[in-house]
Amino acid sequence: MHVASMIRTHPRVGSDVAPDENLVRCIEACLDCAQTCIACADACLAEDTVEQLRQCIRLNLDCADLCKVTATVASRRTGANQTTLRALLAACAEACRVCGEECEHHGEVHGHCRICAAACRHCERLCRQVGDAVAPVLQ
């Protein structure tokens with residue numbers, strides 16, 4: 001991925017400043033989790049037991065959407081919107097937690113759910129870590 005390179009070359013960051021490693025890893029995890037959730041939802045739709053996977057599909061799609069928007073907002077370096085970023089990181093972490101739990105229920109039978117659960121857990125962990133580090137906006 002080009003996350004670190006893009007942040008490093010942003011005029012507001014400067015090439016001599018190393019991007020926040022945790023932020024870069026979080027953005028990458030969000031993008032990876034979004035793709036994994038989309039692929040898992042698609043695989044669930046192809047299963048003979050699709051009726052039993054309806055909630056899993058819903059949570060996969062919700063998680064993918066939140067991961068994509070979180071990665072998008074976290075990638076922006078012009079100006080600041082810490083309040084929104086903190087809220088998105090928290091929402092993304094929660095979506096990953098819920099999706100990961102649901103996928104774990106199906107993971108013994110469906111390999112795609114097992115993989116998705118792992119991606120969700122990883123993304124959840126990084127979103128919480130970065131969210132805790134984002135400086136709160138003082139009122």
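Let us start inside the fold: the buried residues of α5 pack against α2, α3 and α4. Here, buried means under 20% relative accessible area, while exposed means over 50% and partly exposed lies in between, using a 1.4 Å probe and protein chains only. Packing is judged by contact, that is, heavy atoms within 4.5 Å. What you see is a predicted model, in which local features need pLDDT of at least 70 and side-chain atom pairs count only at pLDDT 80 or more, while totals for chains, interfaces and linings use all residues. Residues are numbered from 1 along each chain as its sequence is written, and side-chain values use heavy atoms, with hydrogens and water left out.

Now for the overall picture. The protein chain has five helices and zero strands, with its elements running α-α-α-α-α from the N terminus on. Helices (H or I, at least four residues) and strands (E, at least two) are DSSP runs, numbered from the N terminus. The C-alpha atoms fill a box of roughly 55 × 35 × 20 Å along the principal axes. Of the 139 residues, 41% count as buried. Among contacts with a separation of 6 or more, 72% are accounted for by residues 24 or more positions apart.

Two of the helices can be checked for length. The expected span of a helix is 1.5 Å times one less than its number of residues. The 26 residues of α2 should therefore span 38 Å, and its end C-alpha atoms are indeed 38 Å apart. For the 23 residues of α5 the expected span is 33 Å, which agrees with the 34 Å between its end C-alpha atoms. At the start of α2, a side-chain oxygen of Asp20 comes to within 2.9 Å of the backbone nitrogen of Asn22.

Next, look at what holds the middle of the picture. In soluble globular proteins, nonpolar side chains tend to be buried together. A nonpolar core is a set of buried Ala, Val, Leu, Ile, Met, Phe, Trp, Tyr and Cys residues joined through side-chain atoms within 4.5 Å. The largest such core here has 42 residues, and Cys63, Cys67 and Cys123 touch the most other members. At least two residues of this core come from each of α1 (3–8), α2 (21–46), α3 (54–75), α4 and α5. It is α2 that gives the most, with 12 residues. Leaving out residues up to four places away in sequence, Cys63 touches Cys33, Cys37, Ala95, Cys96, Cys99 and Cys120.

With so many cysteine names, how many disulfides does a search of the whole structure find? It finds zero, a disulfide being a pair of cysteine sulfur atoms within 2.5 Å. For Cys99, the nearest cysteine sulfur is that of Cys120, 3.8 Å away. Cys99 counts as buried because its relative accessibility is 1%, and Cys120 counts as buried because its value is 0%. In α5, the buried residues include Cys113, Cys116, Cys120, Cys123 and Cys127.

Finally, visit His110, in the loop between α4 (82–106) and α5 (111–133). Is His110 buried or exposed? At 9% relative accessibility, His110 counts as buried. Its side chain makes a polar contact with the side chain of Glu47 at 3.2 Å. A polar contact is a pair of N or O atoms within 3.5 Å; within protein, one must be able to donate a hydrogen and the other to accept it, and residues adjacent in sequence count only if both atoms are side-chain atoms. Setting aside neighbours within four places in sequence, His110 is in contact with Glu47, Thr49 and Leu53.
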